[in-house]
Amino acid sequence: MAYGQHQSFHLRDRWLSKGLKSIEANERFFYEDNAFEQIGLGKNMVQSLRFWLEATKVVDKQEGKKHSHSLSKLGKLILKYDKVVQLQDTASILHYNLTSDKEMASSWYWFFNCYNEKVSTKEEIFEELKKWVQDNETKNIAEGSLKKDVDCLVRLYTSGQDKEDPEEVIHSPIAKINLMSENDGYINKITPNLSEIGITALMYVLLDYCNNQNISTITVDEIEHKSNLWGKTFNLNRSIIVSALERLMKHKKYPIKFIRTNKLDDVQIPKVTALEFLEYEYVRMEEELNVLV
């Protein structure tokens with residue numbers, strides 16, 4: 001597992017676009033000595049950007065005699081349709097990829113999938129993270145790395161909320177989905193509304209999870225309580241989950257089947273990959289926008 005790889009910088013607005021364009025032009029961009037000059041960021045920021053691109057799964061890393069990166073299928077879609085992350089759905093998918101990777105972004109995975117407290121101080125979060133790391137790691141992890149992870153995690157989801165703090169003008173593209181707030185020293189997990197997450201993102205997560213597990217049916221209880229699904233990833237309760245499923249039953253091309261019984265509520269997913277569904281939705285949203293223009 002990995003900790004403190006972000007160089008203490010949270011993902012910033014427009015960083016994703018800069019990184020994707022740089023990799024598209026030069027697959028060895030991050031191994032160039034003057035990469036920081038080309039992209040207009042400090043050296044540590046460039047290393048941070050590399051981490052965020054890998055952790056959110058918008059690039060793939062190739063290892064060999066010459067290390068390089070290439071745009072993932074998701075990265076290509078985002079670069080084409082939403083490179084500055086204007087859509088809630090895109091921000092939510094980036095968040096999902098980050099928090100579902102136990103190896104690449106371990107503290108993020110832990111906070112959303114394992115840590116159940118709704119209100120905490122940073123110190124309480126750090127202490128609980130430290131216990132989890134001690135129970136799950138075979139090597140010693142520096143406490144400083146864990147503290148940096150907690151600080152960076154909070155900034156990633158709250159940057160821009162404090163209008164009186166000049167540091168807060170550096171927005172995070174993920175903060176818009178409203179999963180967390182910081183007030184009077186307390187960190188609060190927030191349950192966002194569906195429009196803040198995006199119904200397309202919820203379907204993407206469901207399809208990706210089921211495809212990875214090689215299953216076509218899943219229960220509402222699993223969606224609410226299992227790691228990397230809606231309840232954990234987006235702090236959603238059962239009522240909101242059911243509302244989202246009812247909306248997805250009405251999708252024009254890829255509706256789910258929501259079978260409700262006295263004993264079990266089953267969801268059957270359509271035969272489409274998460275990326276195919278996302279591309280269909282990006283195209284549909286672009287066409288709707290063109291009609292309005």
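This report describes a three-stranded sheet, a helix that lies across two of its strands, and an internal cavity in a predicted model.

## The antiparallel sheet

Three strands make up an open sheet, arranged in the order 6-8-7 with antiparallel pairing. Its edges are strand 6 (217–219) and strand 7 (257–260), each of which pairs on one side only. Direction ignored, neighbouring strands of the sheet are turned by 25° against each other on average.

The antiparallel pairing of strand 6 with strand 8 (residues 265–268) extends over 3 bridges. Within strand 8, Q268 is the residue that stands opposite T217. Strands of a sheet pair through backbone hydrogen bonds, in either a parallel or an antiparallel manner.

## The helix across the sheet

Helix 13, comprising residues 238–248, lies across strand 7 and strand 8. Relative to strand 7, helix 13 runs at about 130°.

## The internal cavity

A search of the whole structure yields 1 cavity of 30 Å³ or more. The volume of the largest cavity is about 40 Å³.

The lining of the largest cavity consists of S107, W110, F111, I125, L129, V150, L153 and V154. At least two residues of this lining come from each of helix 6 (106–113), helix 7 (122–136) and helix 8 (143–158). By residue class, the lining of the largest cavity comprises 7 nonpolar residues and 1 polar residue, with no charged residues.

How values were computed: Residues numbered from 1 in each chain as written. Predicted model: local features only at pLDDT ≥ 70, side-chain atom pairs only at ≥ 80, totals over all residues. Heavy atoms only, no water. Pairing = 2+ DSSP bridges. Helix = DSSP H or I, 4+ residues; strand = E, 2+ residues; numbered from the N terminus. Axes fitted to C-alpha atoms, helices over the stretch in contact; angles between N-to-C directions. Contact = heavy atoms within 4.5 Å. 1 Å grid on protein atoms, 1.4 Å probe; cavity = no way out; pocket = protein on both sides within 12 Å on 5 of 7 lines; lining within 4 Å. Points joined across faces, edges and corners; volume = space filled by probe spheres on them. Nonpolar A, V, L, I, M, F, W, Y, C, P; charged D, E, K, R; others polar.
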